[in-house]
Amino acid sequence: MNNKLEFATRMQARTKTFAVQVVEFFVKLPKTDEARGLGRQLLRAGTSVAANYRAVCRSKSDADFIYKPGTVVEETDESLFWLELLEEAAICPAAHVSPLKKEADELVRILQTSLNTAKRNTGR
């Protein structure tokens, strides 16, 4: 297996695991309007990370391969935002939010680096 394929396979699994963790986190949120409203935003963004990364792996052109990872980075960063907001608004304790925030931050860094490399390699 080549390095690109190995990376893609690992990232598909990692983004899917992140999505599952977001779903599990959402289910455990307090049953308040605030928690549910913010939680739904997190649920949408967090699960789209995996779905959109999967689409990256099916890119049909260089342009597609540049555009789609940008969406994954945006959705991952948005997930991080909703997690920060849940914590800072005192809806969820930092201890509950911290593992997901750490993973979202790592994913943003990895995916942004990958996107920058892809842009450099395609001259875009």
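**Second largest pocket**

I looked up the second largest pocket of this predicted model and found about 230 Å³ of space in it. I listed its lining as Q21, E24, F25, K28, L29, P30, I91, C92, P93, H96, P99 and L100. By class, I noted eight nonpolar residues, two polar and two charged. On the helices, I recorded that α1 and α4 each give at least two residues to this lining.

**Largest pocket**

I then turned to the largest pocket, for which I noted a volume of about 530 Å³. I counted 20 lining residues there, and those closest to the centre are K4, F7, F65, S114 and A118.

Which helices supply at least two residues each to the lining of the largest pocket? I found four: α1 (3–27), α2 (33–56), α3 (62–88) and α4 (94–122). I asked next which helix gives the largest share. The entry is α4, with seven residues. I sorted the lining of the largest pocket by class and got twelve nonpolar, six polar and two charged.

**Cysteines**

I checked the whole structure for disulfides and found zero. I looked up the accessibility of two cysteines as well. C92, which I had already listed in the lining of the second largest pocket, has a relative accessible area of 8% and so is buried, the limit being under 20%. C57 has a relative accessible area of 26% and I entered it as partly exposed.

**S79**

I placed S79 in helix α3. Is S79 buried or exposed? I have it as buried, because its relative accessible area is 0%. I looked for a partner of its side chain and found the backbone oxygen of E75, which the side chain of S79 reaches at 2.9 Å. Leaving out residues up to four places away in sequence, I listed F18, L42, A45, G46 and V49 as the residues that S79 touches.

**S48**

I placed S48 in helix α2. I entered S48 as buried because its relative accessible area is 13%, which is under the 20% limit. E75 came up again here: I found a polar contact of 3.0 Å joining the side chains of S48 and E75. I put this beside the S79 entry, where the atom of E75 concerned is the backbone oxygen.

**V72**

I placed V72 in helix α3. At 1% relative accessibility, I counted V72 as buried. How far apart are the C-alpha atoms of V72 and S48? I noted 7.7 Å, for residues that are 24 apart along the chain. With residues up to four places away in sequence left out, I listed V49, N52, Y53, V56 and L111 as touching V72. V49 was also in my list for S79.

**N52**

I followed the V72 list to N52, which lies in helix α2. I have N52 as partly exposed because its relative accessibility is 23%, between the limits of 20% and 50%. Setting aside neighbours within four places in sequence, I found N52 in contact with T71, V72 and E75. E75 therefore appears in my notes with N52, after S48 and S79. I also took the C-alpha separation of N52 and K4, which is 17 Å for residues 48 apart along the chain. K4 is one of the residues noted as closest to the centre of the largest pocket.

**E84**

I placed E84 in helix α3. I entered E84 as partly exposed, with a relative accessible area of 29%. I looked up its C-alpha separation from R44 and got 16 Å, with the two positions 40 residues apart in chain numbering.

**A90**

I ended with a backbone check on A90, which has its place in the loop between α3 and α4. What is the phi of A90? I noted a value near 60 degrees, which is positive in a residue other than glycine. I flagged the entry because most residues other than glycine have a negative phi. I also looked up the accessibility of A90 and counted it as exposed because 68% is over the 50% limit.

Key
Residues numbered from 1 in each chain as written. Predicted model: local features only at pLDDT ≥ 70, side-chain atom pairs only at ≥ 80, totals over all residues. Heavy atoms only, no water. Disulfide = S-S within 2.5 Å. Buried < 20%, exposed > 50% of the residue type's maximum accessible area, 1.4 Å probe, protein only. 1 Å grid on protein atoms, 1.4 Å probe; cavity = no way out; pocket = protein on both sides within 12 Å on 5 of 7 lines; lining within 4 Å. Points joined across faces, edges and corners; volume = space filled by probe spheres on them. Nonpolar A, V, L, I, M, F, W, Y, C, P; charged D, E, K, R; others polar. Polar contact = N/O pair within 3.5 Å; in protein donor to acceptor, adjacent residues only side chain to side chain. Contact = heavy atoms within 4.5 Å.
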